[in-house]
Amino acid sequence: MRRFFRGAFIVWVVFRYGLDELVLSGFRNPVVRAVRGVITIGRRLDTPRGQRLREALERLGPIFVKFGQVLSTRRDLLPLDIAEELAKLQDRVPPFPSAVAVATIERAFGKPLSAVFATFEQAPVASASIAQVHFAVLKDGREVAVKVLRPGMLPVIEKDLDLMRMMAGWVEKLSADGRRLKPREVVAEFDKYLHDELDLMREASNATQLRRNMEDLQLVLIPEMYWDYCRTDVLVMQRMKGLPVNQVDRLRAAGVDIPKLARDGVTIFFTQVFRDGFFHADMHPGNIQVSVEPETFGRYISLDFGIVGTLTQFDKEYLAQNFTAFFRRDYKRVAELHIESGWVPPETRVDELEAAIRAVCEPYFDRPLKEISLGLVLMRLFQTSRRFHVEIQPQLVLLQKTLLNIEGLGRELDPDLDLWSTAKPFLEKWMLEQVGPKKFWSQLKAEAPLYAKLLPELPRLLHDYLRQRPTDLRREVQDLVREQRRTNRLLQGLIYGGLGFVLGLLFMQMYLRVGLW
């Protein structure tokens with residue numbers, strides 16, 4: 001019943017905000033246009049379509065808001081008016097009352113607000129789908145940002161996820177393509193990451209890990225978490241000062257090197273993915289700023305670490321080999337990797353898969369980013385994968401989402417950026433490190449504790465082996481000798497039989513020749 005009522009509510013929102021009319025308006029068929037005219041009778045739909053879509057997503061809740069956030073980065077795929085409205089979802093979701101935020105903070109710390117902060121700004125500076133942020137100053141004078149979780153989030157998310165699980169089950173039952181896409185596993189991944197976002201202590205630990213990983217790169221700033229003031233529903237962190245990354249004109253006026261900024265973004269992404277296997281997976285413009293402080297001028301500032309992606313060593317090596325093969329245009333190797341990994345059936349012909357991948361990717365090389373739509377490339381690759389029964393890997397869904405975020409960000413900063421040539425040297429260097437002496441030395445150091453424990457035990461183990469094994473060895477040797485004798489007799493029989501057959505043929509030949517003569 002809960003699913004039914006939630007589904008009914010979604011249908012009501014679709015009609016309330018005229019999203020059905022928004023979809024049908026794209027059809028030119030007279031019948032469809034007539035249906036559109038009938039269903040819009042008596043409804044006032046004079047509000048701009050982008051605003052209607054944004055308000056509908058806000059009304060439907062956090063999962064739909066996140067969907068709108070992803071769409072907002074794809075200005076190449078959306079009309080400008082819709083993209084502009086959806087961009088407001090990144091950090092301008094309607095806030096909840098400040099009194100509720102204050103009550104949450106006081107409940108979390110068990111003391112009045114004035115006992116924790118010297119000053120606290122009641123008006124939030126940013127409001128997103130899961131939480132909102134207030135600026136404050138601690139008693140010791142440190143400037144901080146206070147993130148407060150929206151109240152009542154868990155029941156709303158559970159309802160939507162329940163509905164998504166039901167729809168995923170329908171897709172798997174009704175469509176062969178749906179089974180290949182593993183929608184239930186994808187929903188399970190989404191479930192995991194959404195619940196992770198509801199625990200701000202987990203977000204704090206994610207931020208700390210990313211800060212430690214990226215410290216030596218000197219390209220990105222990540223706020224310090226103040227653990228004494230962190231709770232599951234309240235997070236206090238270092239206040240960061242910068243300009244939003246999508247305000248390119250302001251960045252350019254401040255003297256920021258925009259092309260370098262775009263290249264640095266690619267470097268940061270590939271470093272997090274392939275070096276660390278731990279990456280910021282919610283990189284829409286609302287979570288990315290650029291520092292204009294003199295000591296850190298031009299560096300990225302990352303915010304909101306509720307969603308991070310992780311990759312195993314196998315995933316990293318497989319993806320790096322795929323990317324490297326793509327950049328070298330070695331489509332045969334790409335096809336072989338898909339078969340080796342089990343992503344396509346083993347009976348797939350390498351030459352056919354190679355030709356299909358080449359047809360998709362070759363037209364996009366040597367073009368600037370402004371002439372490439374990664375969304376279009378992924379769509380064509382999806383059509384190709386359907387033909388070859390490629391299985392979608394749920395653990396890579398976040399990586400695909402983040403890659404689309406990166407493309408949208410790069411398109412805004414520098415449309416002339418060549419994504420391929422920027423990433424190729426990094427990946428080739430990474431691959432060299434995986435097979436060179438540096439990798440061997442790092443693995444040796446990682447295994448050193450095991451060797452240190454095993455080496456002192458080797459003399460005793462060898463002594464025990466020598467004392468206990470002779471009897472067993474004699475038995476094994478005797479069995480081996482018996483088997484060898486049996487094999488020799490069989491071979492002798494075959495040889496004698498073969499010789500007899502040959503001699504018999506020679507005798508018959510001689511007999512026939514003599515008789516004929």
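Let me start with Gln 272, which has its place in helix α14. Before going further, please keep in mind that this is a predicted model. Is Gln 272 buried or exposed? Gln 272 is buried, because its relative accessible area is 2% and the cut-off for buried is under 20%. Who sits around it? Setting aside the neighbours within four places in sequence, Gln 272 is in contact with Leu 210, Met 214, Gly 277, Phe 278, Phe 279 and His 280.

Now to the nonpolar interior. In soluble globular proteins, nonpolar side chains tend to be buried together. Here the largest nonpolar core has 66 residues, and the members that touch the most others are Phe 274, Tyr 300 and Leu 413. Which helix gives the most to this core? That is helix α14, residues 258–276, with nine residues. So we are back in the helix where we met Gln 272.

Let me stay with Tyr 300 for a moment. Again leaving out neighbours within four places in sequence, Tyr 300 has a list of contacts that includes Leu 219, Val 220 and Leu 221, and also Val 245. Further along the chain, Tyr 300 is in contact with Leu 261, Ala 262, Asp 264, Gly 265 and Ile 268. Ile 288, Gln 289 and Leu 413 are on the list of Tyr 300 too. If you have the structure open, Leu 413 is a good one to click on, as it came up a moment ago among the core members with the most partners. There is also a second, separate core, this one of 17 residues, and among them are Ala 101, Val 146, Val 148 and Val 236.

Next, the aromatic rings. A pair of aromatic rings is described by the distance of the centres and the angle of the planes. In this model the count comes to five aromatic pairs. Take Phe 9 and Trp 12: their ring centres are 6.0 Å apart and their planes are at 25°, so this pair is stacked. Where do the two lie? Both are in helix α1, residues 2–16, three residues apart, which is about one turn of the helix. Phe 9 is partly exposed, with a relative accessible area of 24%, and Trp 12 is partly exposed as well, at 43%.

Phe 269 and Phe 270 give us an edge-to-face pair, at 5.2 Å centre to centre and 75° between the planes. Phe 269 is buried, with a relative accessible area of 2%, and Phe 270 is buried at 5%. Ring pairs also bring in Phe 274, so that Phe 269, Phe 270 and Phe 274 are linked into a cluster. You may remember Phe 274 from the core, as one of the residues touching the most other members.

On to the charged side chains. Side chains of opposite charge can pair when their charged atoms come close. How many salt bridges does the structure hold? It holds 16. In one of them, the side chains of Glu 143 and Arg 239 meet at 3.4 Å, N to O. This pair links distant parts of the chain, 96 residues apart: Glu 143 is in strand β4, residues 143–149, while Arg 239 is in the loop between β6 and β7. Glu 143 is partly exposed, at 36% relative accessible area, and Arg 239 is partly exposed at 25%.

Another one joins Glu 362 and Arg 329, with the closest N and O atoms 2.9 Å apart. These two also come from distant parts of the chain: Glu 362 is in the loop between α17 and α18, Arg 329 is in the loop between α15 and α16, and 33 residues separate them. Glu 362 is partly exposed, at 30%, and Arg 329 counts as partly exposed, at 33%.

Then we have Asp 351 and Arg 349, whose side chains meet in a salt bridge at 2.6 Å, N to O. Asp 351 is partly exposed at 40%, and Arg 349 at 47%. Salt bridges with shared partners also tie Arg 54, Glu 58 and Glu 85 into one network.

Last stop, the surface. Ile 495, Tyr 496 and Leu 499 form a nonpolar patch there, with about 350 Å² of accessible area together. Leu 499 is found in helix α22, residues 458–516, and Leu 499 is partly exposed, with a relative accessible area of 49%. Thanks for listening!

Note on methods
Residues are numbered from 1 along each chain as its sequence is written. This is a predicted model: local features need pLDDT of at least 70, side-chain atom pairs count only at pLDDT 80 or more; totals for chains, interfaces and linings use all residues. Side-chain values use heavy atoms; hydrogens and water are left out. A nonpolar core is a set of buried Ala, Val, Leu, Ile, Met, Phe, Trp, Tyr and Cys residues joined through side-chain atoms within 4.5 Å. Buried means under 20% relative accessible area, exposed over 50%, partly exposed in between (1.4 Å probe, protein chains only). Helices (H or I, at least four residues) and strands (E, at least two) are DSSP runs, numbered from the N terminus. Contact means heavy atoms within 4.5 Å. Patches are made of residues with over 30% relative accessible area and no salt bridge: like charges are joined within 9 Å, nonpolar side chains (Val, Leu, Ile, Met, Phe, Trp, Tyr) within 5 Å. Accessible areas come from the Shrake-Rupley method with a 1.4 Å probe; for residues, only the protein chains shown count as cover. A salt bridge is a side-chain nitrogen of Lys or Arg within 4 Å of a carboxyl oxygen of Asp or Glu. Rings of Phe, Tyr and Trp (its six-membered ring) pair if their centres lie within 6.5 Å; planes under 30 degrees apart count as stacked, over 60 as edge-to-face and the rest as tilted.
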